[in-house]
Amino acid sequence: MVKKDNVILIGMPGAGKSTLGIVAAKIIGYDFLDADLLIQKQSDKTLQKIIDAMGPDGFIQVENEVLCGIDVHRTVVSPGGSAVYSEDAMKHLSEIGTVVYLKVSLDELMGRLGGLHERGVVMKDGMGGLADIYEERIPLYEKYAEVTIDMDGTTVRDAAAKLVDTLSMRGAI
């Protein structure tokens with residue numbers, strides 16, 4: 001039996017997974033793992049270069065392999081926003097940690113994000129931009145979430161406090 005002692009943050013690019021993850025990890029005394037950086041390190045390429053070379057499906061396959069290989073304890077893990085495209089990866093992540101969806105409205109995301117291309121965001125064929133990605137991914141985030149934290153209009157400090165309080169009440173940390 002795998003010990004479920006991690007916190008897994010899922011959500012759209014710009015939702016605050018990395019920023020909030022670092023702050024929350026400091027508050028609860030956990031390590032922090034940015035899975036996008038792990039993918040880049042293991043591939044020796046930026047996310048965008050992987051997407052350019054292998055296409056969205058190839059990137060999702062690489063991401064799936066890396067995420068399925070994560071073996072950490074007492075760690076806040078921030079997978080990329082596209083992690084929810086990989087059922088195997090999400091199954092593994094939910095087995096090793098509590099999956100927390102950082103929910104952000106499309107309007108708020110539009111205000112937070114610059115261009116998506118340089119961020120290494122996976123856009124499947126036929127997607128025109130952020131709104132298309134948002135519409136496709138929201139049901140997946142909701143499907144995998146054990147906890148949802150509404151990020152609209154909150155500071156990182158307030159969101160971290162809400163996250164820690166919620167996880168404490170659930171006995172997840």
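Visitor: In which strand is T98 found, and is T98 buried or exposed?
Guide: In this predicted model, T98 is found in strand β4, which covers residues 97-103. The relative accessible area of T98 is 5%. Buried means under 20%, so T98 in strand β4 counts as buried.

Visitor: Which residues does T98 touch, not counting residues up to four places away in sequence?
Guide: With residues up to four places away in sequence left out, the partners of T98 include K4, N6, V7 and I8. The others are E146, V147, L167, R170 and A172.

Visitor: Of the residues in the largest nonpolar core, which touch the most other members, and which helix gives the most to this core?
Guide: The largest nonpolar core has 47 residues, and those touching the most other members are V7, I10, M12, M90, V100, L102 and L163. The helix that gives the most to this core does so with six residues and spans residues 130-144; it is helix α6.

Visitor: What does M90 touch, not counting residues up to four places away in sequence, and how many residues are in another core lying apart?
Guide: M90 is among the residues of the largest nonpolar core that touch the most other members. Beyond four places in sequence, M90 touches I10, A83, V84, V99 and Y144. Apart from the largest core lies another, with I50, F59, V62 and V66 among its members, and its residues number seven.

Visitor: What is the relation between the axes of α3 and α4, roughly parallel or oblique?
Guide: The axes of α3 and helix α4, residues 87-96, come within 8 Å and cross at roughly 20°. Angles under 35 degrees count as roughly parallel. Therefore α3 and α4 are roughly parallel to each other.

Visitor: Which residues make the contact of α3 and α4, and how do they divide into nonpolar, polar and charged?
Guide: The crossing of α3 past α4 is left-handed. From α3 come N64, L67 and C68, and from α4 come D88, A89, H92 and L93. These contact residues divide into four nonpolar, two polar and one charged.

Visitor: What is the relation of α1 to α7, oblique or roughly parallel?
Guide: Helix α1, residues 17-28, and helix α7, residues 156-170, have axes that come within 9 Å and cross at roughly 55°. That angle makes α1 oblique to α7.

Visitor: Which residues of α1 and α7 meet, and how many of the contact residues are nonpolar?
Guide: α1 passes α7 in a right-handed crossing. T19, L20, V23, A24, I27 and I28 of α1 meet V156, A159, A160, L163 and V164 of α7. In this contact one residue is polar and none is charged, while the nonpolar residues number 10.

Visitor: Where does T154 lie, and with which residues is T154 in contact beyond its neighbours within four places in sequence?
Guide: T154 lies in the loop between β5, residues 147-150, and α7. At 24% relative accessibility, T154 counts as partly exposed. Leaving aside neighbours within four places in sequence, T154 has contacts with A159 and K162.

Visitor: What is the phi of D44, and is D44 buried or exposed?
Guide: D44 is in the loop between α2 (35-43) and α3 (47-68). Although D44 is not a glycine, its phi is positive, at about 55°. With a relative accessible area of 70%, D44 is exposed.

Visitor: Where is R74 placed, and what is its phi?
Guide: R74 is placed in the loop between α3 and β3 (75-78). At 45% relative accessibility, R74 counts as partly exposed. R74 is a residue other than glycine, yet its phi is positive, near 50°.

Terms used:
Residues numbered from 1 in each chain as written. Predicted model: local features only at pLDDT ≥ 70, side-chain atom pairs only at ≥ 80, totals over all residues. Heavy atoms only, no water. Core = buried A, V, L, I, M, F, W, Y, C linked by side-chain atoms within 4.5 Å. Buried < 20%, exposed > 50% of the residue type's maximum accessible area, 1.4 Å probe, protein only. Helix = DSSP H or I, 4+ residues; strand = E, 2+ residues; numbered from the N terminus. Contact = heavy atoms within 4.5 Å. Axes fitted to C-alpha atoms, helices over the stretch in contact; angles between N-to-C directions. Parallel < 35°, antiparallel > 145°, perpendicular 65-115°, else oblique. Left-handed = near helix turned anticlockwise from the far one by under 90°. Nonpolar A, V, L, I, M, F, W, Y, C, P; charged D, E, K, R; others polar.
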